[in-house]
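Okay, hi everyone, thanks for squeezing me in. I'll put the picture up, and then we can walk through a pocket and some helix packing together.

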Amino acid sequence: MDIPGADDETLMQAYGAGNLAAFDALYARHRAGLYRYILRSTRNPHQADDIFQETWSRVIDARARWQPRARFTTWLLRIAHNLVIDTYRRQPSQAGPQETEAALATLAAAEHEQPEQQLSDFQTRRRLQLAIERLPDEQRHAILLRLEHDLSLEEIADVTGAPRETVKSRLRYATQRIREELGA
């Protein structure tokens, strides 16, 4: 098996058959994006750490029975989303944008986010991030799934459990609010 070239679904099936290297490849591909999604959703680094670990524990537990009914990424994010919602139900978030930013700064940056980027690009991203942070929870979840993971309306609906039209409205309102804040 060509692990570096294999798609996520093939890797998950290989992992279910006992190939531990396939899990390592999946984890390496998705850990940073998954953690960013969880952290930006919870705004609490401690909760994000717990949810991140629990998400991967559930992937491990489900490996033998996993079926490729949806993209692996959609399935993974649905697990994380459900855990975030469960956390919201138990206790409201306490962290602010500064604590979230500090935790995000500890993650390895993707190549396109290396220090040689221009300062104006950083400032624009920061303004966008703050605008996203101020969105209502449902809109923030939807826009993060779209922007960070490039999910379709149907996939976001699968992850969040909301109807497609509701997702469409959330994305529209989120985009409108972000544009207003950025003055675009």
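**The pocket and the helices**

So, let's start with helix α4, because of all the elements, α4 gives the most to the lining of the second largest pocket, with 5 residues. Before I go on: this is a predicted model, so please keep that in mind as we look.

That second largest pocket has a volume of about 190 Å³. Its lining is made of R65, W66, Q67, R69, A70, T74, W75, R78, I79, N82, D158 and V159. The elements that put in two or more residues are α4, which covers 72-90, and α8, which covers 153-160. If you sort the lining by class, you get 5 nonpolar, 3 polar and 4 charged residues.

Okay, now stay with α4 and look at who it packs against. Helix α2 is residues 20-42, and the axes of α2 and α4 come within 11 Å and cross at roughly 30°. So how do these two helices run relative to each other, parallel or antiparallel? Angles under 35 degrees count as roughly parallel, and α2 and α4 are therefore roughly parallel. Their crossing is right-handed. On the α2 side, the contact includes L26, H30 and L34, and on the α4 side it includes F72, L76 and Y88. By class, this contact has 10 nonpolar, 5 polar and no charged residues.

Next up, α2 against helix α3, which is residues 45-62. Here the packing angle is about 145°, and the axes are 9 Å apart. Again, the crossing is right-handed. Among the residues touching are F23, Y27 and R31 from α2, and P45, F52 and W56 from α3. Sorted by class, the α2 and α3 contact divides into 14 nonpolar, 4 polar and 2 charged residues.

Last pair: α2 with helix α7, residues 137-149. These two pack at an angle of about 160°, with their axes 10 Å apart. Which way do they run, then, parallel or antiparallel? Anything over 145 degrees counts as roughly antiparallel, so α2 and α7 are roughly antiparallel to each other. This crossing is right-handed as well. In α2, the residues are G33, L34, R36, Y37, R40 and S41, and they meet R140, H141, L144, L145, E148 and H149 in α7. The class split for the α2 and α7 contact is 4 nonpolar, 4 polar and 4 charged.

One residue to find on your own screens is L34 in α2: it is part of the contact with α4, the contact with α3 and the contact with α7. Okay, that's my bit, over to you.

How values were computed. Residues are numbered from 1 along each chain as its sequence is written. This is a predicted model: local features need pLDDT of at least 70, side-chain atom pairs count only at pLDDT 80 or more; totals for chains, interfaces and linings use all residues. Side-chain values use heavy atoms; hydrogens and water are left out. On a 1 Å grid over the protein atoms alone, a cavity is a set of points where a 1.4 Å probe fits but cannot get out, and a pocket is an open set with protein on both sides within 12 Å along at least five of seven lines; lining residues have an atom within 4 Å of a point. Grid points are joined across faces, edges and corners, and a volume is the space filled by probe spheres set on the points. Helices (H or I, at least four residues) and strands (E, at least two) are DSSP runs, numbered from the N terminus. Ala, Val, Leu, Ile, Met, Phe, Trp, Tyr, Cys and Pro count as nonpolar, Asp, Glu, Lys and Arg as charged, and the others, Gly among them, as polar. Axes are lines fitted to C-alpha atoms, for helices over the stretch in contact, and angles run from 0 to 180 degrees between N-to-C directions. Angles under 35 degrees count as roughly parallel, over 145 as roughly antiparallel, 65 to 115 as roughly perpendicular and the rest as oblique. A crossing is left-handed if the near helix is turned anticlockwise from the far one by less than a right angle, and right-handed if clockwise. Contact means heavy atoms within 4.5 Å.
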